[in-house]
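Me: I've got a model open and I'd like to learn how to read it. Can we go through it feature by feature?

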Amino acid sequence: MGSHAAPGRHGRALLMPLALALMAGALFWVPRADGAPRPADACHNASTVLPRGDCGPFWQVLAEDFNGDRVPLGSFSDCDHAVDTSGAYCGGLRGKYRDNWWAYPTGWRDTANDRGRDVVGEYHPEDTVSVGPGENGDGMMHIRMWRPEDGGPVHAAALVPRAVMQMAYGKYSARIKVTKPAPGYKSAWLHYGGGCEMDHPEGEWTGTITAFHHPCGGGEQGYFPSNDDWTRWHTVSTEWTPGRVRFFVDGRQTGEDTRRVPSIPLSWVLQNESALEGPGAAPGSSAELDITWVAAYAYGWK
């Protein structure tokens, strides 16, 4: 899951996908009547606040700004109930967070374990995930990954919004920022299963945001880089419709693929884990990603 290297390192096979990605940015970031760029995603909304309501062919089924109850460390625990199904839940959560969120259970291994990395990770939602105000008082989900001083595995976190578990198609958006970067930590938010995979946003937190698409059944991956730094606030979106997947940063299309796009129900996994490239996380280090809102939409339900 989420194992990628920049294809440019493997020769000129990437030149065509990269050119297509750059063309997409030029074609779909069109000017408004006043000359300012018009967002290209279905909602045509570049606002930094949580969007509410349906847009285009999408029907909103989740809108969370984290401004309600606080969720202290320790709450995302006992998550091994009905795992990887729409009935999954974390026994340590209460109220709407128990209804709306699940996390990979404590002890599950992250992707680096299958890639021969010197530093690997295990999912520990109970000591990495909390909900509460940020520095400006705005409610946020805080994902603070860390590696023990003794050099043990990185404590990682993968969150799953229950409203869109096992759903085919949709629009998936969030506003995010890495508020504390450190080498050795990354994200690969993804839909995967049945030989298919779509990843956005992905990348080491000390680099830039990238998207990938792995066509169902194999074939050359679609690789869609951006110049957007993880350490600045960005709105990231994936729009998945029949035969097409598009990726956006701040309303600007950064990539599109139509090759063997999945048509089966898949879950949206907000996966954060130890790095697959570059140096591993140092003993005693930590890094944090903050999410100020999450919105998700079904496709064609109405």
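Me: Let's start with C196 and C216: how far apart are their sulfur atoms?

Reply: When you hunt for a disulfide, look for two cysteine sulfur atoms within 2.5 Å of each other. Here the sulfur atoms of C196 and C216 sit 2.0 Å apart, and they form a disulfide. Keep in mind that this is a predicted model.

Me: Which way does the link between C196 and C216 twist?

Reply: For that you read the torsion about the S-S bond. With C196 and C216 that torsion is about 120 degrees, so the disulfide is right-handed. As for what gets tied together, C196 belongs to strand β11 (residues 196-204), while C216 is in the loop between β12 (208-214) and β13 (222-229), so the bond links parts that are 20 residues apart in sequence.

Me: Are C196 and C216 buried or exposed?

Reply: The cut-off you need is 20%: a residue is buried when its relative accessible area is under that. C196 comes in at 7%, so it counts as buried. C216 has 17%, so it counts as buried too.

Me: How many disulfides are there by this rule?

Reply: The count comes to three. Another one joins C79 to C90, with an S to S distance of 2.1 Å. That link is right-handed, with 110 degrees about the S-S bond. Both C79 and C90 lie in the loop between β3 and α2 (95-100), so this bond ties together parts that are eleven residues apart in sequence. C79 has a relative accessible area of 3%, so it is buried, and C90 is buried at 0%.

Me: And what do C43 and C55 form?

Reply: A disulfide, with sulfur atoms 2.1 Å apart. C43 and C55 are both in the loop between β2 (37-38) and β3 (58-64), so the pair connects parts that are twelve residues apart in sequence. C55 counts as buried, at 10% relative accessibility. Now number the bonded cysteines of the chain in sequence order, and you can write the pairing as 1-2, 3-4, 5-6.

Me: Okay, on to strands. Which strands pair with β18?

Reply: To answer that, follow the bridges from one strand to the next. Strand β3 is joined to β18 by six bridges, and the two run antiparallel; A63 stands opposite A295 in β18. Strand β7 (residues 139-146) also has six bridges to β18, again antiparallel, and W146 has S286 as its bridge partner there. Then there's strand β9 (residues 170-180), joined to β18 by nine bridges in the antiparallel sense. One pair to find there is K177 with D290 in β18.

Me: Why is β18 called largely enclosed?

Reply: Count the buried residues along the strand. In β18 (residues 286-299), 13 of the 14 residues are buried, so the rest of the structure largely encloses it.

Me: What about strand β17: how many of its residues are buried?

Reply: Five of its five residues, so to speak of β17 (residues 270-274) as mostly covered fits the rule that buried means under 20%. Strand β8 (residues 154-161) pairs with β17 in the antiparallel sense over three bridges, and L159 stands opposite L270. Strand β10 (residues 185-193) is also joined to β17 by three bridges and runs antiparallel to it; S187 has N272 as its bridge partner.

Me: Last one: which side chain does R246 make a polar contact with?

Reply: For polar contacts, check which side-chain atoms come together. The side chain of R246 contacts that of Q253 at 2.8 Å. R246 lies in strand β15 (residues 244-249) and counts as buried, at 10% relative accessibility.

Notes: Residues numbered from 1 in each chain as written. Predicted model: local features only at pLDDT ≥ 70, side-chain atom pairs only at ≥ 80, totals over all residues. Heavy atoms only, no water. Helix = DSSP H or I, 4+ residues; strand = E, 2+ residues; numbered from the N terminus. Buried < 20%, exposed > 50% of the residue type's maximum accessible area, 1.4 Å probe, protein only. Polar contact = N/O pair within 3.5 Å; in protein donor to acceptor, adjacent residues only side chain to side chain. Pairing = 2+ DSSP bridges.
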